[in-house]
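This report looks at how two helices pack against each other and at where nonpolar side chains gather. Please keep the sequence and the structure in view while reading.

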Amino acid sequence: MNKTYDNKAWFLVIPVFVVVAFSAIIPLMTVVNYSVQDILDPQHRIFVGTDWFKQVLTDSRLHQALGLQFLFSGLVLLIEIPLGVAIALTMPRKSGWAVSATLVLLAMPLLIPWNVIGTIWIIFMRPDIGLLGSAINNAGIHFEFTAGWLDAWITLMLMEVWHWTPLVVLLAYAGLRAIPEAYYQAAHIDGASAWAVFRYIQLPKMRGVLTIAVLLRFMDSFLIYAEPFVLTGGGPGNSTTFLSIYLVKIAVGQFDVGPAAAFSIIYFLIVLLFSWVFYQALQRIGTGNQR
């Protein structure tokens, strides 16, 4: 018996394709077009092929920014993922007003605009009037995030952990709440320790949400711009000049459209490649744990 299918529902997807085309595909093609041309003025352009890509790839400042970016993203993952899981484990599994209030308070930093986050931490860490900055200096420790690279990195990491660890907590807690109570009852009957419960029950069951958390935090930390730009402006020196800040300096500060377009494509490919590597690695780890 031949079945007939009604495909009219596909018309509902057309607006999505239109929005994606205008917000992503068309700008991407424009960037690709700029990356292979030397634009002298709106009427005169010269095709240069891969010259801009070669120039960008041999730029020592790009290599420095890339190294700082990997260092920052690595520290973000090493701190926020374990910390978020640890906080989620301390929260009760049963719902109640206390849990709901805690989740709302945890989610508050996620609602603050990114440029406002930088402004808040500038005031908070100022050595003269900042609550934490003045407390550190009054304790006899010289701390000035606008003058020392280590102070700038400490401030930046504190800001990033405060801002985005709640996202990891929410995802991890959702994964913990999805674990059936029967697993915990069976572990209690078998006399399993807290570490055994975490190792063999909670961690494998959280694999999906932790995969999402790692990918989201890696991509977001690798594309970070507003917070470090507002907080340090890429300084002191170039100690916090990440890829996004360096890209903006080329595109807006120097108005080198061609190299900036080539830089953008390379930037996009790096994020895409490492996100895929992270996803494949986490999937392999999860598959190995299930065997």
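The crossing of α7 and α10 is right-handed, a term used when the near helix is turned clockwise from the far one by less than a right angle. The model is predicted, so local features need pLDDT of at least 70 and side-chain atom pairs count only at pLDDT 80 or more, while totals for chains, interfaces and linings use all residues. Residues are numbered from 1 along each chain as its sequence is written, and side-chain values use heavy atoms, with hydrogens and water left out.

Helices here are DSSP runs (H or I, at least four residues), numbered from the N terminus. The axes, which are lines fitted to C-alpha atoms over the stretch in contact, form angles from 0 to 180 degrees between N-to-C directions.

| Feature of the α7 and α10 pair | Value |
|---|---|
| Angle between α7 and α10 | about 160° |
| Distance between the axes of α7 and α10 | 9 Å |

Because angles over 145 degrees count as roughly antiparallel, α7 and α10 are therefore roughly antiparallel to each other. Among the residues that meet, with heavy atoms within 4.5 Å, are Trp 164 and Leu 167 in α7 and Ile 212 and Leu 216 in α10.

The largest nonpolar core (buried Ala, Val, Leu, Ile, Met, Phe, Trp, Tyr and Cys residues joined through side-chain atoms within 4.5 Å, where buried means under 20% relative accessible area with a 1.4 Å probe, protein chains only) has 23 residues, of which Phe 222, Leu 243, Phe 263 and Tyr 267 touch the most other members. Helix α13 gives the most to this core, with seven residues.

Terms used
Buried means under 20% relative accessible area, exposed over 50%, partly exposed in between (1.4 Å probe, protein chains only). Helices (H or I, at least four residues) and strands (E, at least two) are DSSP runs, numbered from the N terminus. Angles under 35 degrees count as roughly parallel, over 145 as roughly antiparallel, 65 to 115 as roughly perpendicular and the rest as oblique.
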